[in-house]
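Q: I should like to learn how to read burial, contacts and packing from a structural model. May we work through one case together?

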Amino acid sequence: VLLFGCGYAGILFSKRFQYRVIQLGELQNALVRLEYDIDYLCIPLGESFEKIAQNTESELKYVFKYIAKRMKDNPGCDMYKLWKRSFSKFCMDLALTDEDVSAVTEFSKMLGMGNREKEKNNIKIYRDKSKHNQHSER
């Protein structure tokens, strides 16, 4: 029984880690789309998050839908608080670690605060940082 229990716990842990890697990849892809929407299409952040939610497969889509809806209902809202609330609301559905969530909410502090160039730089800094963290954990 003990052996079976440990084996089952190991399987659950590995699945969660597998989902985490998938969700981190989707987060990276979402940021690429966000950067494209800002830089080339000049789409407002709320609309971009709606598009990202539609194109995201994992539970992260609910995070982006929530953000998009709240931005539409309350233009000019505090992005940091909004992202933090969104990740808190859906944290049980996500495989992301507290450090992952902390990094992405930290990134959100600067969203909507500058011109397109500042937005692009902010996204690039976060993507580079998260890629580094992802590779160092493997």
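Q: Which residues of α2 are buried?

A: The model is a predicted one. A residue counts as buried when its relative accessible area is under 20%. In α2, the buried residues are L45, G46, S48, F49, I52 and A53. They lie on the same side of α2, because they cover an arc of only 160° around the axis.

Q: Which residues have the most contacts inside the largest nonpolar core?

A: A nonpolar core is read as a set of buried nonpolar residues joined through their side chains. The largest one here has 31 residues, and L34, F49, F64, W83 and F107 have the most contacts inside it. Two or more residues are given to this core by each of α1, α2, α3, α4 (79-90), α5 (98-108) and α6 (116-137). The largest share, seven residues, comes from α3.

Q: With which residues is W83 in contact, leaving aside its neighbours within four places in sequence?

A: Contact is judged by heavy atoms within 4.5 Å. On that basis W83 is in contact with F49, F64, I67, V104, T105, F107, S108 and L111. Among these partners, F49 is also one of the buried residues of α2.

Q: Is L60 buried or exposed?

A: L60 has a relative accessible area of 0%, and therefore it is buried. Its place is in helix α3, which spans residues 60-73.

Q: Which residues does L60 touch, not counting those up to four places away in sequence?

A: L60 touches Q23, E26, L27, F87, L94 and L96. Sequence separation may also be set beside spatial separation: L60 and A95 are 35 residues apart along the chain, and their C-alpha atoms are separated by 9.7 Å.

Q: How many disulfides does a search of the whole structure find?

A: A disulfide is recognised by a pair of cysteine sulfur atoms within 2.5 Å. The search of the whole structure finds zero. As for accessibility, C77 is buried, since its relative accessible area is 17%, whereas C42 counts as partly exposed at 46%.

Q: Where does C42 lie, and what is its phi?

A: C42 lies in the loop between α1 (2-41) and α2 (45-54). Its phi is near 55°, a positive value in a residue other than glycine.

Technical notes. Residues are numbered from 1 along each chain as its sequence is written. This is a predicted model: local features need pLDDT of at least 70, side-chain atom pairs count only at pLDDT 80 or more; totals for chains, interfaces and linings use all residues. Side-chain values use heavy atoms; hydrogens and water are left out. Helices (H or I, at least four residues) and strands (E, at least two) are DSSP runs, numbered from the N terminus. Buried means under 20% relative accessible area, exposed over 50%, partly exposed in between (1.4 Å probe, protein chains only). The arc is that of the directions from the helix axis to the C-beta atoms. A nonpolar core is a set of buried Ala, Val, Leu, Ile, Met, Phe, Trp, Tyr and Cys residues joined through side-chain atoms within 4.5 Å.
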